[in-house]
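Please open the structure in your viewer and keep the selection panel at hand. The stops below are meant to be followed in order.

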Amino acid sequence: MASIRRRKPVEPSNTSVQKEEEEDEEEEDHSKNEHRRKSDKKSKPKWSCVDNCCWMVGYICVTWWTLLFLYNVMPASLPLYVTEVITGPLPDSPGVKLRKEGLKAKHPVVFVPGIVTAGLELWEGHQCADGLFRKRLWGGTFGEVYKRPLCWVEHMSLDNETGLDPPGIRVRPVCGLVAADYFAPGYFVWAVLIANLARIGYEEKTMYMASYDWRLSFQNTEVRDQTLSRIKSNIELMVEANGGNKAVIIPHSMGVLYFLHFMKWVEAPAPMGAGGGPDWCAKHIKAVVNIGGPFLGVPKAVAGLFSAEARDIAVARAIAPGVLNNGFQTLQHMMRMSRTWDSTMSMIPKGGDTIWGDLDWSPEEGYSPMKRKQRNTDTQKASQDDPETEISQTKRANYGRIISFGRDVAEALSSDIERIDFRDAVKGQSVANTSCRDVWTEYHDMGYGGIKAVAEYKVYTAESMIDLLRFVAPKMMERGSAHFSYGIADYLDDPKYQHYKYWSNPLETKLPNAPEMEIFSLYGVGVPTERAYVYKLSPSAECTIPFQIDTSADEHDEDSCLKGGVYSVDGDETVPVLSSGFMCAKGWRGKTRFNPSGSRTYIREYAHSPPANFLEGRGTQSGAHVDIMGNFALIEDVMRVAAGATGEELGGEIKFIQIYLSGLRRSTYNCDCKW
Amino acid sequence: MASILRFRKLCYVEPVKFQFFQPQNFDKKEETVATKAKTSLENNEKRNKRQPKERSCVNSCCCVIGYMCTTWWLLLVLYHCLPAAFPGFQVPESPGTRLKREGLRALHPVVLVPGIVTGGLELWEGKPCAEGLFRKRLWGGSFTEVLKRPLCLLEHLALHNETGLDPPGIRLRAVSGLVAADYFAPGYFVWAVLIENLAKIGYEGKNMHMAAYDWRLSFQNTEIRDQTLSRLKSQIELMYVTNGYKKVVVVPHSMGVIYFLHFLKWVETPPPMGGGGGPGWCAKHIKSIMNIGPVFLGVPKAVSNLFSAEAKDMASIRAMDPGVLDSEILRLQALEHVMRVTRTWDSIASLLPKGGETVWGNLDWSPEEGYACDLSKKRYLQASAGDKDTNGSDVKMDFHVKESNKYGRIISFGKETLQLPSSQLPSVDTKEFLGTRTNRNTNSSCGGEVWTEYDEMCRETIRKIAENKPYTARTALDLLRFVAPKMMQRVDSHLSYGIADNLDDPKYTRYKHWSNPLETKLPDAPDIEIYCSYGVGIPTERSYVYKLSPNDRCKSIPFRIDSSVDGDEDSCLSGGVHLTDGDETVPVISAGFMCAKGWRGRTRFNPSGIATFIREYRHKPPASLLEGRGLESGAHVDIMGNFALIEDVLRVAAGATGAEIGGDRVHSDIFRMSDRINLRL
């Protein structure tokens with residue numbers, strides 16, 4: 001009733017007043033009512049609009065507050081209760097379960113966060129970042145991205161030549177567990193694991209988050225922030241303070257490579273390393289529990305660097321989705337920013353054609369497409385023969401061709417492809433420099449000739465792709481090649497391999513001399529993961545990035561691995577199984593030249609099963625790259641290791657996709673490397 | 001402005017509407033019955049009123065709320081649109097910016113040691129009532145949980161009554177990192193301003209470390225439970241190495257001062273008890289110690305706090321929930337709860353006055369004798385704040401205004417006791433107390449669990465305590481031992497309050513003496529510089545007048561400060577508390593004595609002759625509301641935002657020595673007071 005009366009006055013007054021007057025004459029009975037209405041109208045036409053608005057706002061506010069109040073009053077266990085009613089009793093969290101079993105905190109635990117997930121905060125900035133001192137620029141709410149995007153990009157970028165801070169800007173990693181427990185509010189990274197570890201008695205003195213500035217190259221974190229020294233000192237302290245119990249290291253994602261680098265650094269002699277002596281790792285580390293480790297890089301990194309288009313590395317794109325490509329040149333900004341980050345280059349596929357396959361061959365050959373695959377895992381895990389039979393049916397996908405221009409090229413036989421070498425192509429001078437605002441990417445220096453030459457080479461494998469990146473982004477790759485290397489060592493004792501640029505490449509370093517140290521590789525499987533791309537030349541001219549993923553390249557066949565210009569394989573959505581599993585499955589298995597002391601390696605795979613309903617959040621059985629940190633099975637494994645179990649006691653290995661892995665084995669057997 | 005107009009519009013519109021109604025109703029009703037016009041009018045008015053009332057009640061409420069919300073949002077938007085620097089108010093340039101322009105750069109790594117109460121505590125394991133608070137701050141931060149579930153919070157904050165460690169099933173740990181104590185509560189800075197200024201000249205996470213510790217524990221227990229001291233040692237060593245072998249500047253605040261004193265001894269002591277750093281550790285790693293608001297010799301506040309949970313500042317819990325305090329209707333007994341909790345904290349006992357009657361004065365004498373009262377002083381400050389020249393003379397002028405305060409009597413019962421000369425007082429024999437204690441009060445009416453140890457005492461004993469005489473610093477300790485035997489037993493194994501006769505006595509190697517500057521030697525490190533930086537010019541609690549609590553209720557505290565006792569206008573006595581000069585928490589004598597006399601030159605407490613400097617900062621209240629907590633404040637915590645202090649810290653961190661920043665800087669008569677203290681050096 002009330003609302004009707006209020007709304008009436010909104011009607012256009014001119015006509016209604018006239019009508020009302022007519023009615024007035026005709027109907028005497030309702031005159032009183034009408035009078036009032038009229039009087040209402042006469043007195044209030046000006047404020048009705050504002051008033052109504054405010055009245056609405058008032059209602060909304062009151063409702064909101066009431067709900068908020070109710071929510072606060074509601075006992076904390078109610079949502080849990082609701083969930084239990086709907087889905088049946090939840091399983092105990094691993095922490096509770098293992099505590100009942102009597103597990104206690106034993107080994108100190110070190111977390112090494114990956115790329116992107118750790119927070120960065122501002123310590124010194126330009127004028128535009130006033131008031132943001134010690135506020136998070138990366139991680140947290142990302143409020144500033146919306147408020148002053150350009151300023152934000154400016155502060156997140158590093159110096160293009162040194163790969164260190166630009167003058168006048170200091171952005172530093174957040175330290176402590178808060179650095180990476182939640183990436184954004186509600187989006188956990190390490191928080192679940194931390195909470196579960198706390199259940200069995202862990203606390204800050206036995207847990208350490210080795211946060212580092214993930215934008216820098218690994219050695220530069222030591223040069224600028226002494227992060228590696230800090231980690232060393234902290235591990236030593238924790239081992240000593242916990243009665244000599246060695247540390248369990250839990251790196252995630254890029255942290256895996258970072259820690260690989262650390263292990264070499266800590267034993268290397270002083271000027272370049274820490275001089276910890278040849279048995280530092282043996283003395284201080286019990287196990288390295290790698291979660292979702294991109295040991296051999298990820299193809300996504302290529303797409304990210306080449307055209308800023310990979311899904312996950314450019315998370316920032318997802319954060320500012322609205323402004324994408326609408327004149328703000330977000331992608332170019334993104335590209336300019338991410339190209340100043342050396343760390344992205346640490347994830348370029350390593351091992352070249354030997355690992356990632358050449359024009360005709362790839363280790364994933366015969367991988368059955370994910371749709372069928374998922375259905376398999378969903379329905380019956382036991383039917384392991386299925387994929388084998390399917391191999392013959394499906395068309396071979398040439399995963400080895402990481403970038404191909406045009407779908408026909410991607411599928412053609414290698415003998416049919418005409419390629420023109422791009423390496424000597426002349427880079428034309430670009431006219432675009434003036435018209436393209438201040439956005440700088442190195443594409444502007446390439447000119448049309450260079451771009452054309454790139455496209456005419458047609459197909460790039462893991463090896464030629466590195467040449468391609470050198471061609472399109474010479475400055476970045478020059479910086480990067482001082483810090484990273486992507487090859488396979490022929491002779492590991494060659495003195496050149498003492499340089500730090502090899503330390504993060506597992507194929508060019510030996511593991512430390514620590515036979516008792518265990519290496520685990522824990523990763524999710526069963527999620528389609530980017531592996532190779534179909535590119536096209538970008539239609540629009542000067543100012544944009546000249547290459548784009550050809551999203552129209554789609555196999556209509558349901559079984560296909562090709563979707564939206566991306567060939568997918570099995571993996572955890574970011575890292576293909578090949579990259580995360582190979583080293584533990586073969587490269588380091590037993591005593592190899594990469595693992596001279598014979599450290600034990602274990603593979604633990606976790607089949608992805610998506611959350612059953614909305615209430616489960618990101619799922620307790622997820623296998624996705626980041627969500628796996630909330631996977632109960634994984635958490636349980638990690639906790640058992642932390643509480644003192646060995647790999648054998650965990651039950652050795654679990655492999656959900658044994659067929660495929662054996663396929664991997666078979667294919668790696670074909671690799672012509674000397675083990 | 002717009003909003004006000006709109007409000008006015010709303011107010012105006014309503015009456016206009018009613019005026020409209022009335023004449024029309026008149027017309028209609030006049031036709032029918034003229035005589036009943038009046039009554040019908042009233043009826044109509046009633047009806048008319050009722051109908052609008054139906055909507056006016058809910059609707060206009062919503063309307064008003066809507067207006068308020070809209071206005072609020074508008075203001076918020078405006079506020080965000082405004083440039084950061086408001087044109088009307090010129091913020092003085094921060095010392096960091098200025099010194100950066102002067103060319104100062106980060107040189108020595110800096111270690112910040114927070115004091116009591118200001119450090120945050122977070123929950124790692126708790127009882128069911130604290131569900132969902134995992135790794136949330138129970139102490140510090142927004143304190144929302146205090147309001148939501150106060151009893152649960154108190155239960156978690158309390159320590160075990162006998163061990164002084166965690167109670168079973170509860171793990172509350174110190175927050176680590178700079179966030180531990182940069183802000184105590186949102187908007188209430190502690191270290192944040194200093195950190196920001198340090199950052200301006202190039203400091204960052206790698207060369208600035210917050211040595212957060214669980215401030216509830218006794219100092220040695222932080223090492224036993226959390227290995228906090230080992231951690232600090234390792235951090236200092238790490239920073240020393242990674243910053244190019246530059247020694248560390250340590251900046252402790254409040255209780256952090258004696259915590260760090262403890263650390264200095266601990267780190268050089270051999271392993272089972274200490275850190276095993278060897279005798280040269282401090283000399284090698286530490287450049288200077290800039291104590292801010294140091295509580296070297298304790299604070300009298302700690303006595304009253306432990307005795308009756310009544311000190312102003314220490315029990316900031318009380319300030320947190322002021323409404324429920326002492327409300328007998330709700331029977332919440334907040335004070336008793338607070339007392340029960342605080343008595344489990346060993347650290348508060350570390351703040352009890354040290355040095356006994358030698359330092360704090362006896363029944364007749366006290367070092368502050370002749371201190372000009374702060375009331376008059378305040379007036380003076382307000383009158384002529386600017387000229388410093390007349391400063392000293394003015395203080396002297398006030399000398400003979402009144403008879404000396406009996407500051408030495410830290411606790412006295414009744415005003416009369418205060419006035420009596422010592423000869424008329426019964427002599428204190430604390431042994432006698434301890435004898436009488438045996439007869440337990442088996443008061444059945446109180447039943448249930450025993451909350452405070454007062455419940456175990458019988459009324460008679462309590463009366464006896466009160467009938468007795470005043471208590472000095474020494475006898476106050478005995479009093480505490482009597483009223484809280486369990487607590488003091490625990491505390492006595494961790495802390496000591498005396499003065500050493502012979503420092504080489506092997507008993508002084510025990511850790512309980514380490515935090516008492518009068519029972520330890522400073523490390524053998526002649527190059528270290530020790531600063532005592534503190535505010536002066538604020539009346540500070542020094543001694544108390546008590547009375548028996550009129551309340552005979554169960555589980556109540558039988559003593560309370562007699563706030564009715566007030567001196568004449570010039571007196572330092574107000575509200576039952578004797579005030580003296582200081583920074584609102586720490587009296588000058590406690591903060592300055594060691595630097596002014598105890599360690600000055602080569603003394604037995606300072607065998608290697610470490611240089612000491614006194615830096616006093618005269619309190620000046622903020623001139624306007626916009627200044628917040630003041631740029632020249634001298635108050636215990638607010639001094640962390642004092643620009644002069646910050647500048648000193650920055651200069652020292654950037655490499656200056658004590659002589660270069662101007663040596664001693666004295667406003668109070670600390671030297672005269674120290675001279676009066678008869679301590680063999």
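The tour goes through a helix contact between two chains, a pocket, and a helix contact within one chain.

Bear in mind throughout that this is a predicted model. Begin by selecting helix α11 of chain A, residues 227-241, together with helix α8 of chain B, residues 228-242, whose axes lie 10 Å apart and whose packing angle is about 155°. Since angles over 145 degrees count as roughly antiparallel, α11(A) and α8(B) are therefore roughly antiparallel to each other. Now show the side chains of Ser229(A), Arg230(A), Ser233(A), Asn234(A) and Leu237(A) on α11(A), and of Ser230(B), Arg231(B), Ser234(B), Gln235(B), Leu238(B) and Thr242(B) on α8(B), which together make the contact. Coloured by class, the residues of this contact divide into 2 nonpolar, 7 polar and 2 charged. Turning the view, one can follow α11(A) as it passes α8(B) in a right-handed crossing.

Next, keep both helices selected and add α10 of chain A, residues 218-225, because α10 and α11 of chain A and α8 of chain B each supply at least two residues to the lining of the second largest pocket. This pocket holds about 660 Å³ of space. Its lining comprises 27 residues, and those closest to the centre are Ser233(A), Glu236(A), Ser234(B), Glu237(B) and Leu238(B). By class, the lining divides into 11 nonpolar, 9 polar and 7 charged residues.

Finally, move to chain B alone and select helix α11, residues 300-308, with helix α21, residues 473-483, whose axes come within 10 Å and cross at roughly 20°. α11(B) and α21(B) are therefore roughly parallel to each other, and α11(B) passes α21(B) in a left-handed crossing. Which residues meet here between α11(B) and α21(B)? Val303(B), Leu306(B) and Phe307(B) of α11(B) meet Ala476(B), Leu479(B), Leu480(B) and Val483(B) of α21(B), a contact with 7 nonpolar, no polar and no charged residues.

Key:
Residues numbered from 1 in each chain as written. Chains lettered and ligands numbered in written order. Predicted model: local features only at pLDDT ≥ 70, side-chain atom pairs only at ≥ 80, totals over all residues. Heavy atoms only, no water. Axes fitted to C-alpha atoms, helices over the stretch in contact; angles between N-to-C directions. Helix = DSSP H or I, 4+ residues; strand = E, 2+ residues; numbered from the N terminus. Parallel < 35°, antiparallel > 145°, perpendicular 65-115°, else oblique. Left-handed = near helix turned anticlockwise from the far one by under 90°. Contact = heavy atoms within 4.5 Å. Nonpolar A, V, L, I, M, F, W, Y, C, P; charged D, E, K, R; others polar. 1 Å grid on protein atoms, 1.4 Å probe; cavity = no way out; pocket = protein on both sides within 12 Å on 5 of 7 lines; lining within 4 Å. Points joined across faces, edges and corners; volume = space filled by probe spheres on them.
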